[in-house]
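Here's a quick briefing to read alongside the model. Have the sequence and the 3D view open as you go.

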Amino acid sequence: IEDKISTRKIIDLYNSNRGVDVSDYFKDLTEVLICKCKETGYRFYWPQRIIGDELFYEKLSSIEDYTRSWSFDHQFAFEKVADNDTVLDIGCGNGDFLQRLKKGKTVNLKGLELNSFMVKKCKEKGLDVSNESITVHRVLNKNKYDVICALQVLEHVYNIKDFLKDILYLLKPGGKI
């Protein structure tokens with residue numbers, strides 16, 4: 001355990017900064033623990049059950065400045081994609097990164113997003129995005145992708161080891177993560 005955060009503080013911050021009531025996620029909890037893996041240094045919160053559900057992310061995604069438009073990580077990933085690459089964007093959100101790739105390069109694109117509200121937005125933009133987990137997606141897609149992106153996603157993943165195994169299963173030999 002590296003730190004503890006009062007659930008009252010989290011609830012108050014979401015209410016005052018975003019106008020979102022998150023109190024239902026913290027029933028019977030007075031604090032959230034911030035833990036750190038001794039082997040890797042990866043930090044995560046506990047208990048796991050407080051993870052936001054689809055309704056939570058739908059509420060957040062309706063806030064104007066919730067999604068990031070373009071940042072250093074987007075640019076870094078964009079530069080790693082070559083013409084004719086097959087690209088998977090895990091946790092593609094509203095599809096801005098996929099849309100920029102579609103306009104700037106000749107690539108085959110696929111997005112995965114667990115928020116059905118965002119999937120709908122992506123489909124309205126003409127993007128190929130599925131509401132499925134990487135574990136489900138890997139079943140029929142071994143060694144399919146030249147590039148796999150997961151921008152601002154790892155902080156939402158509890159089982160990092162399995163997540164990375166799934167990515168490697170989907171990635172072509174010599175591909176880029």
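What follows covers the cysteines, one strand residue and one helix. Keep in mind that this is a predicted model.

**Cysteines**
- The disulfide count for this model comes to zero.
- C92 has the sulfur of C122 as its nearest cysteine sulfur, 4.1 Å away, and C92 is in no disulfide. A disulfide needs the two sulfur atoms within 2.5 Å, so at 4.1 Å this pair doesn't make the cut.
- C92 is also buried, with a relative accessible area of 7%.
- For C149, the closest cysteine sulfur is the one in C92, and at 11 Å that's too far for a bond. C149 counts as buried too, at 5% relative accessibility.

**V32 in strand β2**
- V32 sits in strand β2, which runs over residues 31–36, and is buried at 3% relative accessibility.
- Y45 is 13 residues away from V32 along the chain, yet their C-alpha atoms are separated by 6.6 Å.
- Setting aside neighbours within four places in sequence, V32 is in contact with D3, K4, I5, T7, I10, F26, Y45, W46 and I50.

**The two faces of helix α3**
- Helix α3 spans residues 72–80, and its residues D73, H74, A77 and F78 are buried. These four lie on the same side of α3, because they cover an arc of only 135° around the axis.
- That buried set packs against α4 (96–104) and β7 (145–149).
- Turned away from the buried side, the other face of α3 carries the exposed residues F72, F76 and E79.

Key
Residues are numbered from 1 along each chain as its sequence is written. This is a predicted model: local features need pLDDT of at least 70, side-chain atom pairs count only at pLDDT 80 or more; totals for chains, interfaces and linings use all residues. Side-chain values use heavy atoms; hydrogens and water are left out. Buried means under 20% relative accessible area, exposed over 50%, partly exposed in between (1.4 Å probe, protein chains only). Helices (H or I, at least four residues) and strands (E, at least two) are DSSP runs, numbered from the N terminus. Contact means heavy atoms within 4.5 Å. The arc is that of the directions from the helix axis to the C-beta atoms.
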